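Me: Hey, can you walk me through this one? I'll throw questions at you as I go.

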Amino acid sequence: MWLEDDFRFHNHAPLTWGGGFEPGMLARFHRLAGEEPTREELVAAITAPGEPHPWRALLQRTWREAQLEVVTLVRRAVAGRARLGLMSSGLGVASAEGRSWGALFDLVEAHRPHFAPYGDAPGRRLAYSIAMLELQRPLRPAGVEVAPEVENWTHTEWSKSDTQTWSEMVAAHLSGADALLLDVFPFVTGDPGRYPRVGRMLTRSRPALDATVTGALETFGVGVPWWEDTAAHVHGDGTLGGLAADPLRAAEFLLPYGIPVRAGVAPVTALFGATAWAVPDPAELLRGGVLLDGAAAAILTERGYGELLGVSVTEVVARETTSPRPYAVERVRDGGALLSVNVQAAVARLTAADDAEVWTDVLTPRGEHWGAGRVAHVNTLGGRVLTMAACAPELLGRCDDGRLLAQAAVRWLGGPPPIPGGPDDGPPPVAADATPDRPGGADSRSPGPPGLPGLPLVSGGPYLMPQYARVGGRWRLAVANGSADPAAPVVTGVPAGAGLRATLLEPLAEPREVTARRDGDRVLVDAGVPHRGYLIMEW
């Protein structure tokens, strides 16, 4: 029996997100707090800018205890007759309501993570699906069955194509799903026997699903951290929605640029936005490699760690409230390539420290210098920090130069720590022989698991999105093509001498082996991966 996340009463329109402020919930809060603020006073206090008001933690405790009481009652009601499962949605909202994932999973035996849109979406939306599945994996203790739901409304091919359904099923299998929940029959139009095409779709999907049964796996990539109490630390903006910091943003920036991600802190970690309020020990994080957006840099500066970043954040400038428009493009210092920042809602004005290296500059519409765009710095702890001025990098206009910069950042952040007091080896953002299909040229350093020379990075076309994992004693790189055009992935970072096997998964077709060959430090395949198809490389 599946317990829907909507038992919170605020997950769907026409209600906006807002927790529970019913009279009974307020009475619970009053008993806990020993005070009796009105609903309006309570909302104003918990959403106020600045250091979180103590009432916020007490209200989250109120919601958490009530939620666990509900789940306990349902569990007792179905005991001996059904297993209880939890259907979950966004992590940001769950944190704002004070959810304890561990306490919930003590009461349920299965998990249905939301990860797929309800209708047709561009293939690049697979970045959201891959990230949702990955970031929810660490929430579950061992032994909890996971059955992601491939959602569809109103459950017909008019809502979601068979190709998209197939690609989402494969993504779920690659994430280690034990089962799948499929919304594939029309919702209100009679017996399933009226729709034999659904059976044909499932039959044609089965070979790829059999080929991607995964079970236990360990993923590797740039870390995307998340803490379940994030919303308890976020500085408010006057709205309840402002408490729901989104952990997916960093993953949605990296994946389409061919960079694998993993949940949690890693040798290289990407920290974006309000999540920076929740880092338990920023100094420890900054001993490794850290990619920051402008908002996270401003927060860490406010928390007292600015000297470890290599930049000072003069201000965070909102585009729509400034006239004339203050920023337009980033210009790469090595080569002069231009990248657009003119649609960023906010950009941090950065000034680089004397011992930092500026990779790009932000220019005004008139071409005048406005601030540093991307700054690399080796701090006094031996950590490497690369700060981007953009406050929502995942919404930057994408291009080949953007991928080159993103992959160069990951390689540099994962480089060996410099000798204390000695010269650094320098952070060239784009090597001299770099081209759109040869990311970073000869500089192939990148972070990776112990014993490997680096983290595989993917190019060869737009929106080639990788998952890198250890499965059954072998390494596996699964690359999904989120573009409508076919592409032949180019992979760097595969260790020399690895016995490579490559399999092409075309939508609704039998898997077939393809040839993978080496060209210097790259691995090429002699096959085009179609829209929403996958290339699976194993060694």
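Me: Which residues form a nonpolar patch on the surface?
Reply: Tyr118, Trp153, Phe187 and Val188 do, and together they have about 480 Å² of accessible area. Patches here are made of residues with over 30% relative accessible area and no salt bridge; like charges are joined within 9 Å, nonpolar side chains (Val, Leu, Ile, Met, Phe, Trp, Tyr) within 5 Å. Accessible areas come from the Shrake-Rupley method with a 1.4 Å probe, and for residues only the protein chains shown count as cover.

Me: Is this a predicted model or not, and how are things numbered?
Reply: This is a predicted model, where local features need pLDDT of at least 70 and side-chain atom pairs count only at pLDDT 80 or more, while totals for chains, interfaces and linings use all residues. Residues are numbered from 1 along each chain as its sequence is written, and side-chain values use heavy atoms, with hydrogens and water left out.

Me: Back to the patch. Where is valine 188, and is valine 188 buried or exposed?
Reply: Valine 188 sits in the loop between strand S6 (181-182) and helix H8 (196-211). Helices (H or I, at least four residues) and strands (E, at least two) are DSSP runs, numbered from the N terminus. Valine 188 has a relative accessible area of 69%, so it is exposed. The cut-offs are under 20% for buried and over 50% for exposed, with partly exposed in between (1.4 Å probe, protein chains only).

Me: Switching to charges: how many salt bridges are there?
Reply: The search of the whole structure finds 24. A salt bridge is a side-chain nitrogen of Lys or Arg within 4 Å of a carboxyl oxygen of Asp or Glu. One of them pairs arginine 83 with glutamate 145, with the closest N and O atoms 3.2 Å apart.

Me: Which parts of the chain does that pair link?
Reply: Distant ones: arginine 83 is in the loop between helix H3 (54-78) and strand S2 (85-88), glutamate 145 is in strand S4 (residues 145-146), and they are 62 residues apart. Arginine 83 is partly exposed at 44% relative accessibility, and glutamate 145 is partly exposed at 27%.

Me: What does arginine 125 pair with?
Reply: Glutamate 252, in a salt bridge of 3.9 Å, N to O. Arginine 125 lies in the loop between strand S3 (110-113) and helix H6 (126-136) and glutamate 252 in helix H10 (residues 249-254), so the pair ties together parts 127 residues apart in sequence.

Me: Which residues are linked in a network of salt bridges?
Reply: Arg112, Glu149 and Glu151.

Me: And inside? How many residues does the largest nonpolar core have?
Reply: It has 137, and those with the most contacts inside it are Leu254, Leu291, Leu292, Leu386, Tyr534 and Met537. H6 supplies the largest share of this core, 8 residues. A nonpolar core means buried Ala, Val, Leu, Ile, Met, Phe, Trp, Tyr and Cys residues joined through side-chain atoms within 4.5 Å. A second, separate core has 16 residues, including Phe21, Val43, Trp55 and Ala66.

Me: How many disulfides are there?
Reply: The count is 0, taking a disulfide as a pair of cysteine sulfur atoms within 2.5 Å.

Me: Why is cysteine 399 not bonded to cysteine 391?
Reply: Their sulfurs are 19 Å apart, too far for a bond. Cysteine 391 is buried, at 11% relative accessible area, whereas cysteine 399 is partly exposed, at 28%.
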